[in-house]
Amino acid sequence: MAEVKGNTDKVKSEKLTSSIQQVYWNKRAAFAGSKGIVEVLTNYVGNNSKIKIKVTDSSGKTIKKEEKKISGSYMAMEIPIPEDAGEQLTAEVELPKHSLNKKSKPLSVFPPVQISNVKWDKETVHRGEILKLTADVKNFPTGADALIQIFEYDSEGAHDLVTRFPAIVKNDKIEIFWEFEFKGDVKDIPRHEESESGYLPPKFFFRVNLLDVFKDSGFVEFKDFIRIELKDGDGNPIPNEKYKMYLPDGSVREGKLDEQGTALEENIPAGETVVIFPDRI
């Protein structure tokens with residue numbers, strides 16, 4: 001910090017020395033194919049002063065070269081890290097008007113992370129069922145944490161985050177189990193006649209995050225069940241009654257109650273189901 005001493009009853013002009021205080025990356029290491037941010041802090045450098053940034057790898061190859069302007073003694077610039085970048089990147093900053101330059105400490109660059117075969121072990125899932133989530137990983141340390149995010153799919157892109165949890169990478173693989181439970185109310189799922197796009201079943205996907213790299217799985221579709229029970233006015237079961245189910249996707253199922261006046265219909269589209277007894281209409 002500059003210090004100026006003198007009498008307070010006199011007007012005095014003092015020229016403050018400009019400087020580049022720091023040039024640094026926002027993190028110490030990154031993967032090729034991801035991004036890093038170079039940040040610059042200055043002292044006594046006017047707004048809109050020209051600043052030149054040059055980023056080179058360990059072989060001296062120029063990765064990025066650009067001119068920007070300082071604002072509020074600060075500047076930040078996002079740097080895409082090429083797939084073929086060397087083991088380190090260094091940022092050099094120059095203020096031409098002030099004849100100043102400064103280099104950052106190197107950013108370590110690791111080979112690009114690759115995520116593949118991100119998948120569920122099933123295509124449909126029921127309440128309380130255990131799902132296995134797997135993925136293959138390359139160029140990521142064994143024993144390091146990945147982040148798993150599970151979303152309910154939205155056709156307009158506003159996917160709802162259901163949950164998130166860590167998973168350990170082991171032998172270039174991720175394998176973890178998750179118990180499915182539908183958190184919403186199936187009555188809120190539009191039936192086929194209530195939506196312009198028709199019935200859209202609840203679908204879920206999961207995302208594997210490895211630092212700046214992520215990849216999504218395909219979908220698993222939620223299937224529900226319904227238990228039907230028919231009794232008379234005294235609470236006695238009515239057996240062997242025919243029933244018809246109008247399912248939320250517009251399809252129809254028919255069946256017959258058992259001797260106890262009950263039936264269990266499984267693997268049906270999730271949503272509000274209408275049940276009628278044709279012989280009692």
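In which sense do β2 and β9 pair, and over how many bridges? The two strands pair in the parallel sense, over three bridges. This briefing concerns a predicted model, whose protein chain has a mean pLDDT of 92, with 95% of its residues at 70 or more. The points below take up confidence, the pairing around β9, two open sheets, the pairing of β13, selected loop residues and the largest pocket.

**Confidence along the chain**

- Among the elements of the protein chain, the lowest mean pLDDT, 86, belongs to strand β2 (residues 29-31).
- The highest mean pLDDT among these elements, 98, is that of strand β15 (residues 173-179).

**Strand β9 and its partners**

- In the parallel pairing of β2 with β9, Phe31 stands opposite Phe110 of β9.
- Strand β7 (residues 88-95) runs antiparallel to β9, and two bridges join them.
- On the β7 side, Gln88 is the residue that stands opposite Ser108 in β9.
- In a regular strand, side chains alternate between the two faces of the sheet.
- Strand β9 (residues 107-110) shows such an alternation: Leu107 and Val109 point to one face and are buried, whereas Ser108 and Phe110 point to the other and are not buried.
- Thus the two β9 residues named above as bridge partners, Phe110 opposite Phe31 and Ser108 opposite Gln88, both belong to the face whose side chains are not buried.

**The open sheet β1-β3-β6**

- Three strands form an open sheet in the order β1-β3-β6, and their pairing is antiparallel.
- The edges are occupied by β1 (19-25) and β6 (74-80); each has a single partner strand, so one side of each lacks a neighbour in the sheet.
- From one strand to the next, the twist averages 15°.
- Strand β3 (residues 35-43) pairs with β6 over seven bridges in the antiparallel sense.
- Within this pairing, Val38 stands opposite Met77 in β6.

**The open sheet β20-β19-β22**

- A further open sheet of three strands has the order β20-β19-β22, again with antiparallel pairing.
- Its edge strands are β20 (252-256) and β22 (274-276), each of which pairs on one side only.
- The twist in this sheet averages 20° from one strand to the next.
- Strand β19 (residues 242-246) pairs with β22 over three bridges, in the antiparallel sense.
- The bridge partner of Met245 in β22 is Val275.

**Strand β13 between two antiparallel partners**

- Strand β13 (residues 145-152) is joined by eight bridges to strand β14 (residues 160-168), and the two run antiparallel.
- Asp145 has Ile168 as its bridge partner in β14.
- Strand β13 is also joined by six bridges to strand β16 (residues 203-210), again in an antiparallel arrangement.
- In this second pairing, Phe151 stands opposite Phe205 in β16.

**Loop residues**

- Most residues other than glycine have a negative phi.
- Asn48, although not a glycine, has a positive phi of about 70°.
- Asn48 is placed in the loop between β3 and β4 (50-57).
- With a relative accessible area of 54%, above the 50% cut-off, Asn48 is classed as exposed.
- Asn171 is likewise a residue other than glycine with a positive phi, near 55°.
- The loop between β14 and β15 holds Asn171, which counts as exposed at 59% relative accessibility.
- Arg28 lies in the loop between β1 and β2 and counts as exposed, with a relative accessibility of 78%.
- A distance of 18 Å separates the C-alpha atoms of Arg28 and Ile63, which are 35 residues apart along the chain.

**The largest pocket**

- The largest pocket has a volume of about 480 Å³.
- Its lining comprises 20 residues, and Glu152, Tyr153, Asp154, Pro190 and Leu200 lie nearest the centre of the pocket.
- By residue class, the lining divides into eight nonpolar, five polar and seven charged residues.

Methods. Residues are numbered from 1 along each chain as its sequence is written. This is a predicted model: local features need pLDDT of at least 70, side-chain atom pairs count only at pLDDT 80 or more; totals for chains, interfaces and linings use all residues. Side-chain values use heavy atoms; hydrogens and water are left out. On a 1 Å grid over the protein atoms alone, a cavity is a set of points where a 1.4 Å probe fits but cannot get out, and a pocket is an open set with protein on both sides within 12 Å along at least five of seven lines; lining residues have an atom within 4 Å of a point. Grid points are joined across faces, edges and corners, and a volume is the space filled by probe spheres set on the points. Ala, Val, Leu, Ile, Met, Phe, Trp, Tyr, Cys and Pro count as nonpolar, Asp, Glu, Lys and Arg as charged, and the others, Gly among them, as polar. pLDDT is the predictor's confidence in each residue, from 0 to 100. Helices (H or I, at least four residues) and strands (E, at least two) are DSSP runs, numbered from the N terminus. Two strands pair if DSSP finds at least two bridges between them. Axes are lines fitted to C-alpha atoms, for helices over the stretch in contact, and angles run from 0 to 180 degrees between N-to-C directions. Buried means under 20% relative accessible area, exposed over 50%, partly exposed in between (1.4 Å probe, protein chains only).
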